Amino acid sequence: MAMEITQILLSAQALDARVRTEAEASLRQFQEQNLPAFLLSLSFELANNDKPIESRRLAGIILKNSLDAKDAARKNLLVQQWVGIEISVKSQIKELLLRTLGSSAHEAWHTSAQVIAKVASIEIPQKQWPELIGALLNNMTQRDQPASLKQATLETLGYVCEEISHQDLAQDEVNTVLTAVVQGMNLAEHSPEVRLAATRALCNALAFAQTNFDNEMERNYIMKVVCETAMSKEAEIRQAAFECLVSIASLYYELLEPYMQTLFELTSNAVKGDEEAVALQAIEFWSSICDEEIELQDYESPEVGESGAPHSCFIEKALSVLVPMLLETLLKQEEDQDQDDTVWNLSMAGGTCLGLVARTVGDAILPLVMPFVEENIKKPDWHCREAATYAFGSVLEGPTAEKLSPLVNAGLDFLLSLMKDENSHVRDTTAWTLSRVFELLDIISSENLQKVVIVLLESIRDASHIAEKVCGAIYFLAQGFEDSESSSLLSPYLMDMITGLLNTADRTDSSDSKLRSSAYETINEVVRCSNLAESSQIIVQLLPVIMNKLQQTLELQIMKSDDREKQGDLQASLCGVLQVIIQKLSSTDETRPAVVQFADQIMALFLSVFACHSSTVHEEAMLAIGALAYATGAEFLKYMPEFSKYLQMGLQNFEEYQVCSITVGVVGDICRALDDKILPFCDGIMELLLKDLQSDMLHQSVKPAIFSCFGDIALAIGEQFEKYVHHALPMMQQAAEICAQIDPSDEELMEYGYQLKRSIFEAYSGILQGFKDTKSELMLPYASHLLQFIELVCNDKQRDESVTKATVAVMGDLADALGSNTKLLFRDCVFYIDFLGECLQSDDEQLKETATWTQGMIGRVMVS
Amino acid sequence: MAPPDHRRPYKRPAISDQQRRRELSLLRQAQSRLDAQHRARCLASSVLSLENPEPDSVPELELESKPGEERSEAPPKEFDVRQASKLRGAEARKWFARQLMLPEWMIDVPDRLSQDWYVFARPAGKRCFVVSSNGAAVSRLRNGSILHRFPSALPSGARTRDVSGSAQSYSILDCIFHEPDQTYYAIDMLCWRGYSLYDCTAEFRFFWLNSKLAETGACEPPSQYHRYRFSLVPVYNCDHSGLHAAYTGAAPYVKDGLLFYNKEAHYQTGNTPLALVWKDENCSQYVIDTDSQGNVPKQQQVVLELQEDGKLTTSDDPPVVFGCLDGDFIQKSGLCLGNLLRFAIGDGGLSFVDGGLDKADLCYLGKSNRARAFADSYSKIVFQHMVRHSPLKIDDFLSSISSSVDQENQPRDVEMAG
């Protein structure tokens, strides 16, 4: 059954694209035609020590990808396929995988360990691979086996434990697995390689060890071994042990109290003296403790009382020692750390942790940090000045504004002067600190705004990594003027700010495009937060400038795919700016004509951007078109003939679901812009929307948007929606059933459920209102199901407020559109009376008003 | 070394404006969707599109535009609001004219006055309705012509307020503009922030009016973005004390009669017997109709509409026939179908049989003032007639209230006890 596939696997990694594509195609063909034989062949390849490591590695990767995928729908499909394979074939594959663990080739057994874990995740919960654990444990007790088998086995055990729950196994099996892993860490018995593998396996198995952690004796033992391992001779093993401690901190926070003294000593020694990789994990331990305590504080509510998880205040208790330790790390900067974005060193980890500590304890951190800041900020050594600024910037979130504002106000002039420091690290960190100040505190007034703007607009000409942070500072400075009351203050500087940002975007000294996109994004925020009445002139002038820049991107020389990508990025930034300008100007009747006069040219540009990228629809251009449709209203009709093909492409883009989602939203914009003139395009759109709903490949987050869009279409075309009722309504009912089955303990799924419920109601509302005058009887067959669904949603007392609003509205729509036909339905149910009562007592005016309207509608039905 | 996955490089807070753009777009779309659905929910949506400036923003009143055409142009009473939104000029005025609830004149005292009715003193002034939307408020008189266009603290009534809020949301108030203090007295609420109150009871509408209007700041003195003050009118239950308060109580405005509203009545446009108006010399300067010079004519004057067969009818639905013109006369005087004609009631007066009109002694005076949108209603003519001959007095209400109270208090089984 198995086939010789070595050559194809090697060809699939060939440099020659043609050879590669061909090999990939034949692999795919094999997979589609005979999956069992395909998987078996891959397993043979992986297990065969005589084969080249390249083909074995790829065989293993393909095997793994045949069992697991990130996307839930795809994963489900793969699992079903595996389950459907004949048992004898599966046994053979599993046998080969286990055999591979004994291979001397590291890559082979390493890949096999991962594949075994994937199979285990499917089969262990179904009790279909009972011999796995025994086989693995057996490997550990064989005396004559090579050390690499133990390494491979421990790694496999770690991966398997990560994939399954301890409840999938009998407790004695769980115990033997953990015993094997912990014994593997034993100094006396094993080589460093085995101990390292065992320590990493334990790290993966920590959640699996829940029962054992709940038992004090076993917990003491595990903690003792981990702490000992954290002092191993080998740095790598110490690092792995600290990684275990980091995991333990978040998994078993509430059990840590007895060990804290030991852990504090271990970690502070590591931070002070160990190698950087170990020290970073030691700092991460404290960051994790902060994460836990911040979460406990966020969810802390008086009602929870004793049932809530205990807050042990570890950070508060350790504060006076912890903070000085972290401040020390800030002085350990690297000379070139600002040049590389991905850098992570002691100083950064320490600052991160300091920020988390500030959020955990609030005001209490200030007396410990401020003396350090004052002492260091004027020292001649730049390390001191940078560390002082960084410390100050790190504690800006957490303490109260009452405590922080006086400090920041007093220090603002000095901070501004540091933007001219001779050292670029200091200027960089100062720019970052300023952006935090503007983001987190409200200290800008008409008195100090001018000097702030002057300094920022000077510094934006500094080195590109500094300029980028200055953009961030301007972004948050503008954001502070978001509400229309204060936005006037910004008006005098608007022109200079936009000019400065445009010049920054045009800079050519930066190797990547990050500065440019930061500059454009900052323009967006400045435009959004500007006072339209006072600055419409400037914004209107900006429009052709950006259009011109977008035009220039169309003329760029495209030599290689990299150029195409750069062009796409730049177009994304510019379309983003256009979208923001369009949305800003179309928010008032006075300024809307400024957009409309350019509408033809803008639309032509967007269509050209689409045409540049044949394979995909440009997301930002799509988003901007939605704004343009809103601005132009019915005039948008003339663009539809050319635009509709891109609309269709967007609706079919399953892979980039964001694009699909945005396109669905744009359909809604167009519906509202065109009203019933959208009718000629509806068949095509509805067909794709219905396909999207039926697809397993499309990310689920797009589906609520599609239901809302049904409502938009129905409202636009009114009775013409009739022909879609038979297709759309069953899907809405089906989605309602799905809502009914959502597990209320799954928070993430519940959130999705709320979106889905709201969108289904929006669909019903649109359809009911669209049919109201002429075709409401079409909805009669669906009324009872809808009302049941409404009842279901009403009975969920935890429901989100936006769901409540949509619910009460659709109930009114039902009564409004179907009139006396719903009298019996409403008479037979009582839930709505309480529900309306609940809504009428809400503090939300809008909700109260909707509820009043609905009450009136139902009242009218009942007296009819 | 790279930071842990969940800790992004701390010192580099990349601005994520794209996500913000997506979110803001979604927000705009959600708001627009909400607005669109609100609009659909609201019966009077056409009011919105009609408040755009039209050539007639100066009230030049031309209802009887071209002879012979008016009937065909006149929108039917149950006009679909979507069609109405396309009306312009005279048609729009006609349509708007039908959007107010017009109280009948009280010609007899309704039952259960104290239980089922409200009473309040009507401010003297121009009846109008005020629509606030898209950053402006517009008031229109009964004949549909625009009285004022002004910034107001009403919801969506000025450019300055809740810019982010729903631009399409709008509100409609039934008001009387009181010249002396330049104040709009709100007597009813038809729509509030996009929600129709047409189908709500008067009890609820008054409650809503009372609780909502002041919240907006519309009752504050005028300011830059709020040109006219709005004010509430005290509404009483129509019992002894309520009636007394409305009739004799001090009011900040000049009174022009009393209005009676049935508590259960929905807002019904056009003439309705569920709202009634009554006046006497104590509570109104204008009890008896005056002519254009402000003098009380010797004889009662009425305006009637000329129908197809020469019949002269009131504005009621169905119309009440008061008399008939012969074809020759119509031709000679150049009169057309639908013309509003002015008549004096001669010495013969009005005679009634079985509570209905039997005969009216009409003398033709001429065409009515062109600003008139409607003929007189039956109740108005009868009320004016009664005022001149045997008026309904405040005491009649009081005794009606007392007797109904007496009835309420009577033991039900009084006869059996006897």
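Tutor: Between chain A and chain B, the rule finds 4 salt bridges across the interface. This is a predicted model, in which local features need pLDDT of at least 70 and side-chain atom pairs pLDDT 80 or more, while totals for chains, interfaces and linings use all residues. Residues are numbered from 1 along each chain as its sequence is written, chains are lettered from A and ligands numbered from 1 in the order written, and side-chain values use heavy atoms, without hydrogens and water.

Student: What makes B:Arg33 and A:Asp712 a salt bridge?

Tutor: The closest N and O atoms of B:Arg33 and A:Asp712 are 2.8 Å apart. A salt bridge needs a side-chain nitrogen of Lys or Arg within 4 Å of a carboxyl oxygen of Asp or Glu, so the pair qualifies.

Student: Which element gives the largest share of the side of chain A that touches chain B?

Tutor: Helix 42 of chain A (residues 845-863) does, with 8 residues; a helix here is a DSSP run of H or I, at least four residues. By class, this side of chain A has 22 nonpolar, 27 polar and 28 charged residues. Asp, Glu, Lys and Arg count as charged; Ala, Val, Leu, Ile, Met, Phe, Trp, Tyr, Cys and Pro as nonpolar; the others, Gly among them, as polar.

Student: How many residues does each chain bring, and how much area is buried?

Tutor: Chain A brings 77 residues and chain B 42, contact meaning heavy atoms within 4.5 Å. The two chains bury about 5400 Å² between them, 49% of it on carbon and sulfur atoms. Buried area is the accessible area (1.4 Å probe) lost on putting two parts together, summed over both.

Student: Why is A:Arg385 called buried?

Tutor: Its relative accessibility is 7%. Buried means under 20% relative accessible area (over 50% is exposed, in between partly exposed; 1.4 Å probe, protein chains only), so A:Arg385 counts as buried. A:Arg385 lies in helix 20 of chain A (residues 382-394). Its side chain makes a polar contact of 2.7 Å with that of A:Asp421, and also reaches the backbone oxygen of A:Pro380 at 2.8 Å. A polar contact pairs N or O atoms within 3.5 Å; within protein, one must be able to donate a hydrogen and the other to accept it, and residues adjacent in sequence count only if both atoms are side-chain atoms.

Student: How do you know whether A:Cys682 is bonded or unbonded to A:Cys671?

Tutor: Their sulfurs are 6.0 Å apart. A disulfide needs two cysteine sulfur atoms within 2.5 Å, so this distance is too far for a bond. A:Cys682 is buried, at 0% relative accessible area. Over all chains, the structure holds 0 disulfides.

Methods: Helices (H or I, at least four residues) and strands (E, at least two) are DSSP runs, numbered from the N terminus.
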